[in-house]
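Q: Could you take a close look at one part of this protein for me, the part that the UniProt record marks as membrane-spanning? After that, I'd like to hear how the rest of the chain fits around it.

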Amino acid sequence: MPRFAPLRMPFKRRLQTLAVCTWIGAIAVCLSLFFFLCTYKYLWPLIIAYLTWILMFDQAPEKGGRRLQWLRNRRLWRHFAEYYPMTLIKEGDLDPSKNYIFGYHPHGIISMGAFCTFGTEGLNFSKRFPGIKPRLMTLQTNFNIPFYRDYILAHGCASVSKQSCEYNLRSGPGNSIVIVVGGAQESLASKPGTLDLTLKKRLGFIKLALVNGASLVPTLAFGENDLYEIFNNTRTSKTYRFQQLVKKLFGFTLPMFNGRGVFNYEYGVLPRRKPVFIVIGKPIHVEKVEGTPTSEQLLDLQKQYIDAVLAIWERYKDKYAAGRTQELRIIE
């Protein structure tokens, strides 16, 4: 029998659930509003103009987004962080005269920690790292969704394309990007109690760092994989092959997962109330390389980065992953 939430609940907890629902339901609300407006014929000229603008002319996703600090500062995002709760652990200062590439691990199902840390001020990132202006990079597909694109642009999200990443890194001191390195492939391994990273073949962000002289900042989120249960499927199963086909066609895929609901604790799309500890490690200084980096340079920097990620795991695993079922693994 499913366990239901009690009718009487502290108002603060209701606000926390509302904050999470706001983010989880953003795509559905934006699409519903768009199609509702489409039912009014007198709005069609405006709708056509809007679609033409976002699909053909608007360069904001490639040019750093349209960040609105007041939206990122909303009290709503404090409630969002308190829902789990999430905690930001800072290992060292970052020089605001430099540019950084934050590598976020793991992807999890929806990268809740990445959005809370870098897409909002729910964890007071700007106060903890003054002068650093992060852009959370995401798939270009997200910027084709009416209204939702404007919502995430306002939170400082931008396209993860090479052009967009380089534009942000070259936009002045402190401008930095955040890449969820494992991507959709890593989300398929988001089992509670584990930390399996897709990192061996990920050299794109390494090359970006060398070409632009941007320091790398490893970021490891303990508990991100515990927010949802996923249904196991082997690499030879039809479900896994279908997920790979979706990833190949659209650039993303989604595991079969289960969280909790608004009024029950067993089934739904909301994340479970599990603590998440986001450790932002010390920066790895990177010298700018003129021309194309060699394979040796790429692999050497990748090794430094992987060693830094593993070092964070070793320092904090007994404190923040005491209930783990296995050690961190780099599987692909």
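A: The UniProt entry, which is unreviewed, puts "transmembrane region" at residues 15-36 and 42-60. Keep in mind that what you're looking at is a predicted model, and that annotations like these may be inferred rather than shown by experiment.

So what does the model do with those two spans? Residues 15-36 come out as 95% helix with 0% strand, and the C-alpha atoms at the two ends of that span sit 27 Å apart. For residues 42-60 the helix share is 74%, again with 0% strand, and here the end C-alpha atoms are 28 Å apart.

Now follow the chain onward. Helix α5 covers residues 75-83 and strand β1 covers 86-90, with P85 in the loop between them. Have a look at the peptide bond joining Y84 to P85: it's cis, with omega at about 0°. Another cis bond runs from H105 to P106, where omega is near -10°. P106 belongs to the loop that leads from β2 (100-105) to α6 (112-119).

That loop between β2 and α6 also holds S111. Its phi is near 50°, a positive value in a residue that isn't glycine. S111 has 9% relative accessibility, and because buried means under 20%, it counts as buried. Past α6, in the loop before α7 (125-128), you'll find N124. N124 isn't a glycine either, yet its phi is positive at about 60°. At 27% relative accessibility, N124 counts as partly exposed.

Step back to the whole protein and you get 13 helices and 11 strands. Its radius of gyration is 20 Å, which agrees with the value near 20 Å for a compact globule of 332 residues. The C-alpha atoms fill a box of roughly 55 × 50 × 45 Å along the principal axes. Of the 332 residues, 52% count as buried. Take the contacts between residues at least 6 apart in sequence: 79% of them join residues at least 24 apart.

As for the outside, the accessible surface comes to about 16300 Å², and 61% of that belongs to carbon and sulfur atoms. On the charge side, there are 44 positive and 24 negative charges, and their mean positions are 8 Å apart.

Notes. Residues numbered from 1 in each chain as written. Predicted model: local features only at pLDDT ≥ 70, side-chain atom pairs only at ≥ 80, totals over all residues. Heavy atoms only, no water. Helix = DSSP H or I, 4+ residues; strand = E, 2+ residues; numbered from the N terminus. Rg over C-alpha atoms; globule rule 2.2 N^0.38 Å. Buried < 20%, exposed > 50% of the residue type's maximum accessible area, 1.4 Å probe, protein only. Contact = heavy atoms within 4.5 Å. Areas by Shrake-Rupley, 256 points an atom, 1.4 Å probe, with all protein chains shown as cover. Lys, Arg positive; Asp, Glu negative; His and termini not counted. Charge placed at Lys NZ, Arg CZ, Asp CG, Glu CD.
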